[in-house]
Every structure is written in structure tokens, then in C-alpha cells.
Amino acid sequence: MSDRAQALFDGIRQGDRAALARGITLVESTRVDHQQQARELVSACVGLERGRRTLRIGLTGTPGVGKSTFIEAFGMLLLSKGHRVSVLAVDPSSSRSGGSILGDKTRMQDLSVAAGAYVRPSPSRGSLGGVARNTLDSIILTEASGYDICLVETVGVGQSETMVSDMVDMFVLLLQPGSGDELQGVKRGIMELADLVVINKADGALAIPAKLTRTEIMNALHLMVPRRNSWTPKVVRASAVTGFNLERVWETVELYFTKLQESGEWDGLRAAQQEKWMWREVTNLLLTRLNRDPQVRKFAQTLEADVVNGVVPPGIAAEQIVDKFLSVYR
């Protein structure tokens, strides 16, 4: 292990927030030398025993549902119960400039400065699935630093907003009441993956609409096959602003993990997470190395012109680029 990776590893396992921040920055870096050091750091952190006793919870929701507000209120509740909470919030990156606002810390003012909590916004950098490419590595680092509950906030519900479910133990979908057809715009795939649906903003004038929405969602879930043998998805009304039913949300989360542990599903869940992300990383690494190879890149540039001019179909061009890449490394 390099000196830098060793120093970061020592700081992370001692609970040093600055070392954790630098470690996550390292795994997010696209520099070749940084990526090698990041692999050394993550490999060392995976071996720590306490990383296996954590809860990984993913949260997604429709725009305006109040994800950040809910996470802050829920996170503060968890802190009051003696837990250490990390929040990995993924912000969408601009398709034009590549930049991200990364404003989650400003929306979680209390949680971001609370002792026992760590909030880290990260850019998606074009990654599909609602999470950044290195989110799983960041989860591993926070667990190694002693945070026993990791909340992963995605960029929002979309067509590919399902990848996060492959890196967390529990998938929570946030919806809001009183907005017409609650199932409109929410993909069936998202509903099928949800282990818990929280109807947020169930207070004031929206208290009664929230009850109606809960009934609608429960009816919809009854038509879907649960993805866990030992768990049927639940629907809970709550309010991040007033604190209504936040305790019940936590009780439901605890019950979920109890059921999974008793049935033995939890152990298989973590193993499946690692396997799926191994193959996703294989895809990412192949694409990265393909783009970095000067011969392949030059060949691809010539094909781009043919594709633009309609001389070569995109599918044929892609196949030729892959064949060129394979020939270079034979």
C-alpha cells in the first residue's frame, strides 16, 4: 500500500472526518495514479470487521417531495438514538458544463454540523441509476470510519433510477400527497423495488390527502410481487417538518432488518451487491481504458465522421471500435 493510502486508512479507521473526506475525494478522482491508491484504500477498508454491521438505506423520490428535509429530520432522530449516520447525496451533473450545485449541505444545516454525522454531496458525472460511479466505494469508507447507518440520497426518480437498489440493503421511496395521480410519472420498476414507501408532508392541509394516497399506494403494491421472501413492502405517512411518524418509519426499518436477519436473506443480500457491482465496474473500466488508448481514440474519431455522414451505421462503428480495442491488447 502506498504511503498516502496507508495514511488515509489509518485516519479513516480512527474516525478522522478530514481523512474520510480526503479518502472519498480520492476514490472520486479520475487520475490514474489516484485510482490505484483508491483501490488500495478501499481494499483495506473492506477488511474491517465493523463494516459488516452497518445498515445501507437508499432513498429516492419525485421532485419536490422533500428528500433532503426528510433525511435531515430522520438523521437527527437516528443520532438521538446513539447511531452514527453518514449521508451520501448524489447531485445531477450538467450535461453541458459537467458541473453540479452540490447544495445538499445547505439543505441539511443541522445534520451536516452534528457530531456523529457526516454529509457528503457528490456529482453524478453522467452516471445512470441515480448514483455516482464510486458511491459504493464511498459507502465502504464511511463504514470503515465507524458510521453504522449510511443513507444514500439519489438524484430523483427517473427511468434508470434503480441502480441504487443494488448497493443498499433497503430501498425507500418518498412520495407526496395531494398531487393528483400519485402513480403518474413513477416507474413501475421503482415501485417494485421499494421496500418501504413514505408519504412525506402528511401534515396540515395535506393530512387527509396523505391518507388517501397511502390507500392508493397500498392497493398498487398488492398487485406487485415482493422482492423479498420475508418482507412485504409497507406504506407509512410521515412529516419531516413536524416529526409526525418518524419514529414509526424507524420502527418499520428496524422490523425490516430483523425479518431479513431472521430469514438469512441479509447475508445473501450483501454478497449479491458485491457481485453486481463487480460487473458494473468491469464495464466502467473497459470503457475508461478504451477511451484512454491513443490508437483506439484516433480510430474512433475517424469512424465518428463516417457515422455523422451516414456512411457507417452506429452499431457497426461501435463493433469496429471494440474489435480495434481488443486487437491492441492481444
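The exercises below deal with a cavity, aromatic pairs and charges over rings in a predicted model.

Residues are numbered from 1 along each chain as its sequence is written, and side-chain values use heavy atoms, with hydrogens and water left out. In this predicted model, local features need pLDDT of at least 70 and side-chain atom pairs count only at pLDDT 80 or more, while totals for chains, interfaces and linings use all residues.

**Exercise 1.** Describe the largest cavity and its lining.

Solution. Step 1: a cavity is a set of points on a 1 Å grid over the protein atoms alone where a 1.4 Å probe fits but cannot get out, and lining residues have an atom within 4 Å of a point. Grid points are joined across faces, edges and corners, and the volume is the space filled by probe spheres set on the points. Step 2: one cavity of 30 Å³ or more is counted, and the volume of the largest cavity is about 70 Å³. Step 3: ten residues line the largest cavity, and Glu28, Leu88, Ser122, Thr135 and Ser138 are the closest to its centre. Step 4: strand 2 (85–91), strand 3 (117–123) and helix 7 (135–144) each give two or more residues to this lining; strand 2 gives the most, with three. Helices (H or I, at least four residues) and strands (E, at least two) are DSSP runs, numbered from the N terminus.

**Exercise 2.** Classify the aromatic pair of Phe70 and Phe74, then the pair of Trp231 and Tyr256.

Solution. Step 1: rings of Phe, Tyr and Trp (its six-membered ring) pair if their centres lie within 6.5 Å; planes under 30 degrees apart count as stacked, over 60 as edge-to-face and the rest as tilted. Step 2: the structure holds six aromatic pairs. Phe70 and Phe74, at 5.7 Å centre to centre with 15° between the planes, are stacked. Both lie in helix 4 (residues 67–80), four residues apart, and both are buried (under 20% relative accessible area, 1.4 Å probe, protein chains only). Step 3: Trp231 and Tyr256 have ring centres 5.3 Å apart and planes at 85°, so this pair is edge-to-face. Trp231 lies in the loop between helix 9 (207–221) and strand 7 (234–237) and Tyr256 in helix 10 (residues 246–263), so the pair ties together parts 25 residues apart in sequence. Step 4: Trp231 is buried at 3% relative accessibility, and Tyr256 is buried at 0%.

**Exercise 3.** Which residue lies over the face of Trp231?

Solution. Step 1: a charge sits over a ring if NZ of Lys or CZ of Arg is within 6 Å of the ring centre and within 35 degrees of the ring normal. Step 2: Lys234 lies over Trp231, 3.8 Å from the ring centre.

Terms used. On a 1 Å grid over the protein atoms alone, a cavity is a set of points where a 1.4 Å probe fits but cannot get out, and a pocket is an open set with protein on both sides within 12 Å along at least five of seven lines; lining residues have an atom within 4 Å of a point. Buried means under 20% relative accessible area, exposed over 50%, partly exposed in between (1.4 Å probe, protein chains only).
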